[in-house]
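Colleague: I would like a close look at the aromatic side chains in this model. Please walk me through the ring contacts, then what surrounds them.

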Amino acid sequence: METDIQSRTYSLKDLTRYFFKLGTFGFGGPVALIGYMHRDLVEDRKWISEDEYREGLALAQLAPGPLAAQLGIYLGYVHYGVLGATVTGLAFVLPSFVMVVLLGMAYKLYGGLSWMQAVFYGVGASVIGIITLSCYKLTIKSVSKLEVAAIKSRWLLWVFFLVMAVVTAITEREEVWLFMLMGFVYMAVKAPPKWLVRKETALSTVLLTGIGFWQYEPSQLVQIGWFFTKAGAFVFGSGLAIIPFLQAGVVDQMGWLNEQQFLDSVAVAMITPGPVVITVGFIGFLVSGFAGAVVAAAGVFLPCFIFTVLPAPYFKKIAKNISIKAFVDGITAAVAGALVGSVFVIATRSIVDAPSAIIAVLTILALIYIKKLQEPYIILCAAIIGFLLKTYF
């Protein structure tokens, strides 16, 4: 890891200011955010080398946690170590966290009013369209392209994908042990570690009190912290991959939110800049006020920070380990399948009539054919359409 002062063309203050700005104005989701980092920090400012950026991206893809946030933390680590990783991570996440807490306050104040429900009628349908397209992109990236040769070469990953999609759609929940099992199976088949390759039988061993700003229950905070820490520790790739965990836990298992509130939480993440996974702050606020928002966000981002900083000094060796890569490939395919299954579950409950179905389809078409159109503008249009439909028709 390069630490020579002469190699730095920027200060920690400069980098922190950049990530604070990116967290404040960076729309477009994880793929767009990592693209901005490459354009700004590698190509334009040349603060980060191409090799350093690629190493950070590879680590973000291999380790669990939201992709864009992990890459930002790693780039902070490159020349400024743990302090740089900590400061840049906080600067990147804090603006969107503040925004979702403010939106959570507004949601609690006005969520029961007809005009707010009308707005989220359109927004919810649009979010289904956005997530559906994201599922497709995540699938072809993490499993394979929809080509005969590619599918044949990675058929086992497609089996994992389909199994988890069906299991999630039927049971309406995700089992972490299944993700881990599929990761180990794929590792054993594609790149078994030395300790596993012994005999043929070896595989068998495998002030705002009115809206509850300050209200919380200590026991519930413990539940929130544990649940969101598990989510942050077992989600690989895009922040959208956390949706299956959240939907199953927050709605079905814990009963903290109903289906519409959960969908509204995802919508809030789409209309705010920064990492999409910051929706956990909104969810935590609805469940247990500001304390819940802080605990939920810390639960998701702390594993992300740890899984970035701890392996960073040794990552070049880790990245070349084909067994580790195979393990992560297996888990990622399973998570992609679970995401598809969870979208099916959410859609069956949220697409309630023909207009909402049309809004979802139009959202997908707009994202496909209008290349520079960003999600917040689509959601704004959907909100207006939903308001007009519910108010005047």
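Modeller: What follows goes from the ring pairs to the charges over rings, then to the nonpolar patch, two helices and the salt bridges.

The model is predicted. It holds 10 aromatic pairs. One of them joins Phe97 and Phe290. Their ring centres are 6.3 Å apart, with 55° between the planes, and the pair is tilted. Phe97 has 10% relative accessibility, so it counts as buried. Phe290, at 27%, counts as partly exposed. The cut-off for buried is under 20% relative accessible area, and exposed starts over 50%.

A second pair is Tyr107 with Phe282. The centres lie 5.5 Å apart and the planes meet at 75°, so this pair is edge-to-face. Planes over 60 degrees apart fall in that class. Here both partners are covered: Tyr107 is buried at 11% relative accessibility, and Phe282 is buried at 0%.

Ring pairs also build a cluster. Its members are Tyr10, Trp47 and Tyr80. Trp47 has a charged partner as well: the charged end of Arg45 sits over its ring, 5.1 Å from the centre. Another such contact involves Lys390 and Tyr121. The charged end of Lys390 sits over the Tyr121 ring, at 4.4 Å from the ring centre.

Now the surface. Leu109, Tyr110, Trp115, Leu380, Ile384, Phe387, Leu388, Tyr392 and Phe393 make a nonpolar patch of about 990 Å². Two elements give two or more residues to this patch: helix 4, residues 67–110, and helix 16, residues 375–392. Helix 16 gives the most, with five residues. Leu388 lies in helix 16. Why does Leu388 count as partly exposed? Its relative accessibility is 38%, which falls between the limits of 20% and 50%. Patch residues must have over 30% relative accessible area, and Leu388, at 38%, clears that cut-off.

Aromatic side chains also turn up among the buried residues of helix 7. This helix covers residues 155–171, 17 residues in total. From first C-alpha to last it reaches 24 Å, close to the 24 Å expected at 1.5 Å a residue. Its buried residues are Leu156, Leu157, Trp158, Phe160, Phe161, Met164, Ala165 and Thr168. An α-helix has 3.6 residues a turn, so residues three or four places apart point the same way.

Phe227 is a further buried ring, with a relative accessible area of 8%. Phe227 lies in helix 9, residues 218–233. Phe227 and Gly249 are 22 residues apart in sequence. In space, their C-alpha atoms are 7.8 Å apart.

Last, the charged pairs. The structure holds two salt bridges. In one, the side chains of Arg17 and Asp14 meet at 3.3 Å, N to O. Both residues lie in helix 1, residues 12–25. They are three residues apart, about one turn of the helix. Arg17 is partly exposed, with a relative accessible area of 47%. Asp14 is partly exposed too, at 27%.

The other bridge links Arg39 and Asp40, with the closest N and O atoms 2.9 Å apart. Arg39 counts as partly exposed at 39% relative accessibility. Asp40 counts as buried at 11%.

Key:
Residues numbered from 1 in each chain as written. Predicted model: local features only at pLDDT ≥ 70, side-chain atom pairs only at ≥ 80, totals over all residues. Heavy atoms only, no water. Patch = residues over 30% accessible without salt bridge, like charges linked within 9 Å, V, L, I, M, F, W, Y side chains within 5 Å. Areas by Shrake-Rupley, 256 points an atom, 1.4 Å probe, with all protein chains shown as cover. Salt bridge = Lys/Arg side-chain N within 4 Å of Asp/Glu carboxyl O. Helix = DSSP H or I, 4+ residues; strand = E, 2+ residues; numbered from the N terminus. Buried < 20%, exposed > 50% of the residue type's maximum accessible area, 1.4 Å probe, protein only. Phe/Tyr/Trp six-rings, centres within 6.5 Å; stacked < 30°, edge-to-face > 60°. Lys NZ or Arg CZ within 6 Å of the ring centre and 35° of its normal. Expected span 1.5 Å × (residues − 1).
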